[in-house]
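Take a walk through this model, one element at a time. Keep the sequence and the coordinates side by side.

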Amino acid sequence: MKVFINPGHAPEGNPDPGACGPTGLRESDVAAAVGQKVAAYLVAAGCDVKTLQHDDLAVITGTSNEWGADLFVSIHCNSCDNETAEGAETFSDYGSDAGKKLAQYIQAQIIGLPG
């Protein structure tokens, strides 16, 4: 299985770091670190993995399509001005039953529930 991983936002945060925390922690850096861990996990599980962090969505999706990815995973870390907001979100393509099932498994892993 070929899995394309897109750690969200621009590499090194330039020009778009995504969400930034009060300590200077940038979404682009967190997404890159998570993407590396996910890639290593998937390679160990026998998947063929390609990772690209880029500031142009057309380049990202074009590269994924040209490579012939079976799955496309984009990693982001949202923020909110509401200090009580918490949790994780996992999305899938609306028309894909297989994508929905995969998203449910990913969400269960993220929040620590049995899949």
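Where is the place of Pro15? Pro15 lies in the loop between strand 1 and helix 1. The model is a predicted one, and in it the peptide bond from Asn14 to Pro15 is cis. Omega is near 15° there.

Stay in this loop. His9 is found between strand 1 and helix 1 as well. Its phi is near 75°, a positive value in a residue other than glycine. His9 counts as partly exposed, because its relative accessibility is 21% and the buried class ends under 20%. Glu12 also has its place in the loop between strand 1 and helix 1. Phi of Glu12 is near 60°, again positive in a residue other than glycine. Glu12 is exposed, with a relative accessible area of 64%.

What does Ser28 touch, beyond residues up to four places away in sequence? The list is Gly8, His9, Ala10, Glu12, Gly13, Asp16, Pro17 and Gln53. So two residues just visited, His9 and Glu12, are among the contacts of Ser28. Ser28 itself sits in helix 1. At 1% relative accessibility, Ser28 is buried.

That brings us to helix 1. Helix 1 covers residues 27-44, which makes 18 residues. From its first C-alpha to its last it reaches 26 Å. That is close to the 26 Å expected at 1.5 Å a residue. Which residues of helix 1 are buried? They are Glu27, Ser28, Ala31, Gly35, Ala39 and Leu42. These residues lie on the same side of helix 1, because they cover an arc of only 100° around the axis. Strand 1 (2-7), strand 2 (48-51) and strand 3 (71-75) are included in what covers them. Now turn to the face directed away from the buried side. Gln36, Lys37, Tyr41 and Ala44 are the exposed residues there. Just after helix 1, Gly46 takes a positive phi of about 100°.

Look next for charge pairs. How many salt bridges does the model count? The count comes to one salt bridge. The side chains of Asp29 and Arg26 form it, at 2.8 Å from N to O. Asp29 is partly exposed, with a relative accessible area of 31%. Arg26 is partly exposed too, at 23% relative accessibility.

Move on to helix 2, residues 57-67. Ile60, Ser64 and Trp67 are its buried residues. Their arc around the axis is only 70°, so they lie on the same side of helix 2. What do the buried residues of helix 2 pack against? They pack against strand 1, strand 2 and strand 3. Ala58, Asn65 and Glu66, on the other side of helix 2, are exposed.

The strands deserve a stop of their own. Val73 has its place in strand 3. Is Val73 buried or partly exposed? At 23% relative accessibility, Val73 counts as partly exposed. Leaving out residues up to four places away in sequence, Val73 touches Val3, Phe4, Ile5 and Asn6. Strand 1 spans 2-7. Val73 and Gln109 are 36 residues apart along the chain. Their C-alpha atoms are separated by 15 Å.

Beyond strand 3 comes a loop that leads to helix 3. Phe91 is located in this loop, between strand 3 and helix 3. Phe91 is exposed, because its relative accessible area is 69% and the exposed class starts over 50%. Phe91 and Gly112 are 21 residues apart in sequence. In space, their C-alpha atoms are 17 Å apart.

The last stop is the surface at helix 3. Which residues form a nonpolar patch on the surface? Leu102, Ile106, Ile110, Ile111 and Leu113 form the patch. Together they have about 410 Å² of accessible area. Helix 3 spans 97-111, and Leu113 lies in the segment after it.

Look back once at the two helices described in detail. Helix 1 has its buried residues covered by elements that include strand 1, strand 2 and strand 3. The buried residues of helix 2 pack against strand 1, strand 2 and strand 3.

Key:
Residues numbered from 1 in each chain as written. Predicted model: local features only at pLDDT ≥ 70, side-chain atom pairs only at ≥ 80, totals over all residues. Heavy atoms only, no water. Patch = residues over 30% accessible without salt bridge, like charges linked within 9 Å, V, L, I, M, F, W, Y side chains within 5 Å. Areas by Shrake-Rupley, 256 points an atom, 1.4 Å probe, with all protein chains shown as cover. Salt bridge = Lys/Arg side-chain N within 4 Å of Asp/Glu carboxyl O. Helix = DSSP H or I, 4+ residues; strand = E, 2+ residues; numbered from the N terminus. Expected span 1.5 Å × (residues − 1). Buried < 20%, exposed > 50% of the residue type's maximum accessible area, 1.4 Å probe, protein only. Arc of directions from axis to C-beta. Contact = heavy atoms within 4.5 Å.
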